[in-house]
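Please look through the model below with attention to its charged pairs, its helices and its surface. The report that follows takes these topics in turn.

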Amino acid sequence: MIPVAAFFCLAQASFMGGPSFDAMSGGMKAWTSVSVLFALALPFALLWRDARPEPVFWCCAAAVAVFPYAPMPMLMALTGVLARRSDPRCTVRVSLAGLAASLYAELRDAVRPTGFSFWHQLFAEPGTGSNGVPAVVNASNATVIATAAVVALIETAAAVLLGLHIRSRARLHEADARAQAAQHHAENLQSDLTSQQLADAIAAEAHDTLAHSLSLIALNASALRTEASRLEDSPETRELAHKAEDIRRQAAGALDEAHSIINMLRDPAQAWEQLAPSADTSLTRESLDGLIADARNGGMRLNTWIDVRQLSDLDDGVAKIAYRAVQEGLTNARRHAPGQPVSLEVGVGPDQGVHLHISNPVEASDAGSSEDSATAEARNGAGLPGLAARVKSAGGACRFGEDDRHVFHLDVTLPWRG
């Protein structure tokens, strides 16, 4: 666009001073030189059509009106304005201004004398108007002027139509993009609705089965405690009543947790708030003491080695995963190795991050098998693999399995910052 605009400007400017540059006056020579130099610089204003289309148009229109240029750079700027501005008032304003500037530029050249007019040169007979031969124009001045006016109208109409076409095409692409975005949004909403319906079905099933079973466990534990209180008072009956109360309390707590999870399935908006780290679900001194106390109250022989420093500065997300790791490790030992001694090692510090290690003996595996049932169930279940995935997502590492001495190990390392 820049070379084409420069060529059209130079074509008219070259005829302004007459057939001979040497025959011009001093002032005309200076004006012609300035016009030629500016004709090479003006088209570079088109580089700013994207950012400032209207100022570029008015600048080109003013230059075409002041200097003896063809209206080509102004018409290119006009197309840019119409393509980038959809305001109807702006469209009318720049279109009329472009038409006026185009008519003025073409008619200004057409009314000049034959030797000083680009349009007259177009109507000259071949072989005339160059090499010192005077131009012979067969057409009348009225014909030349009318032709220049018609050309001005045609070129302005072409610039306007081209700009409106580009704008319409851009609007069509934008409408297609919006339609695709709306379609994707509708598909996402349908997917969310299907997922929510599945979550509601799972929540209803969990409420009918899991909550019912936990309620029965709590009820039976309460009945067992009542029956134990009727027996003859002895250390054994008191111990039995105490165990029954622990079972009832734990079942009631599990029932509350089950209801909380069911509510999260039914209301995903509040689920993210409930899943956020809190004092009850993050690794703090209080929560760690609570896990250890619950394990020992449940009859677990638990040996601990705790070394925690600046625990309050631990990243919230890492603290929650660490808490779940300790909880899952103790639960796994309680389920698969009841009555066995359990070792818990917890080390937390800014330098080392978080290191958790839980180990417990397990029964010897069957002949011909390299791993015990607890290891196999842990690997096939969802508890430890799910924990390993959460630890990995935080940039840590989780390893578990049985060694040659039939001791099951769970080792978790987490960074200080997730």
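Asp403 forms a salt bridge with Arg405, and the closest N and O atoms of the pair are 3.8 Å apart; a salt bridge here is a side-chain nitrogen of Lys or Arg within 4 Å of a carboxyl oxygen of Asp or Glu. Asp403 is partly exposed, with a relative accessible area of 23%, whereas Arg405 counts as exposed at 65%. For these words, buried stands for under 20% relative accessible area, exposed for over 50%, and partly exposed for what lies in between, calculated with a 1.4 Å probe on protein chains only.

This is a predicted model, in which local features need pLDDT of at least 70 and side-chain atom pairs count only at pLDDT 80 or more, while totals for chains, interfaces and linings use all residues. Residues are numbered from 1 along each chain as its sequence is written, and side-chain values use heavy atoms, with hydrogens and water left out.

A search of the whole structure finds seven salt bridges, and the table lists some of them, including the pair already described.

| Acidic residue | Basic residue | N to O distance |
|---|---|---|
| Glu54 | Arg93 | 3.4 Å |
| Asp87 | Arg89 | 3.9 Å |
| Asp403 | Arg405 | 3.8 Å |

In general, side chains of opposite charge can pair when their charged atoms come close. The salt bridge of Glu54 and Arg93 ties together parts that are 39 residues apart in sequence, because Glu54 lies in helix α3 (residues 53–66) and Arg93 in helix α5 (residues 88–110). Helices and strands are DSSP runs numbered from the N terminus, with helices being H or I over at least four residues and strands being E over at least two. Glu54 counts as partly exposed at 21% relative accessibility, and Arg93 is likewise partly exposed, with a relative accessible area of 39%. In the pair of Arg89 and Asp87, Arg89 counts as exposed at 65% relative accessibility, while Asp87 counts as partly exposed at 32%.

The loop that follows β4 (397–402) and leads to β5 (407–414) holds His406. The phi of His406 is near 60°, a positive value in a residue other than glycine, and at 28% relative accessibility His406 counts as partly exposed. Gln310 also has a positive phi, of about 50°, although it is not a glycine. Gln310 is found in the loop between β1 (302–308) and α11 (316–336) and is partly exposed, with a relative accessible area of 46%.

Taken as a whole, the protein has 13 helices and five strands, and buried residues make up 36% of its 418 residues. Of the contacts with a separation of 6 or more, 68% are between residues 24 or more positions apart, a contact being heavy atoms within 4.5 Å. The accessible surface comes to about 23,400 Å², of which 59% belongs to carbon and sulfur atoms; accessible areas come from the Shrake-Rupley method with a 1.4 Å probe, and for residues only the protein chains shown count as cover.

Among the helices, α8 (residues 235–266) has 32 residues and should span 46 Å at 1.5 Å a residue, which agrees with the 46 Å between its end C-alpha atoms; the expected span is 1.5 Å times one less than the number of residues. The buried residues in α8 include Thr237, Ala241, Ala244, Asp246, Ala251, Leu255, Ala258, Ile262 and Met264. An α-helix has 3.6 residues a turn, so residues three or four places apart point the same way.

Leu219 belongs to helix α7 (residues 141–230) and is exposed, with a relative accessible area of 54%. Although Leu219 and Arg248 are 29 residues apart in sequence, their C-alpha atoms are 7.3 Å apart in space.

Ser287 has its place in helix α10 (residues 285–297) and counts as buried at 10% relative accessibility. A polar atom of the Ser287 side chain lies 2.8 Å from the backbone nitrogen of Thr284.

At the surface, Met28, Trp31, Val34 and Val66 make a nonpolar patch of about 330 Å². Patches are made of residues with over 30% relative accessible area and no salt bridge, like charges being joined within 9 Å and nonpolar side chains (Val, Leu, Ile, Met, Phe, Trp, Tyr) within 5 Å. Helix α2 (residues 26–41) gives the largest share of this patch, three residues. Val34 has its place in helix α2 and is partly exposed, with a relative accessible area of 42%.

Methods:
A polar contact is a pair of N or O atoms within 3.5 Å; within protein, one must be able to donate a hydrogen and the other to accept it, and residues adjacent in sequence count only if both atoms are side-chain atoms.
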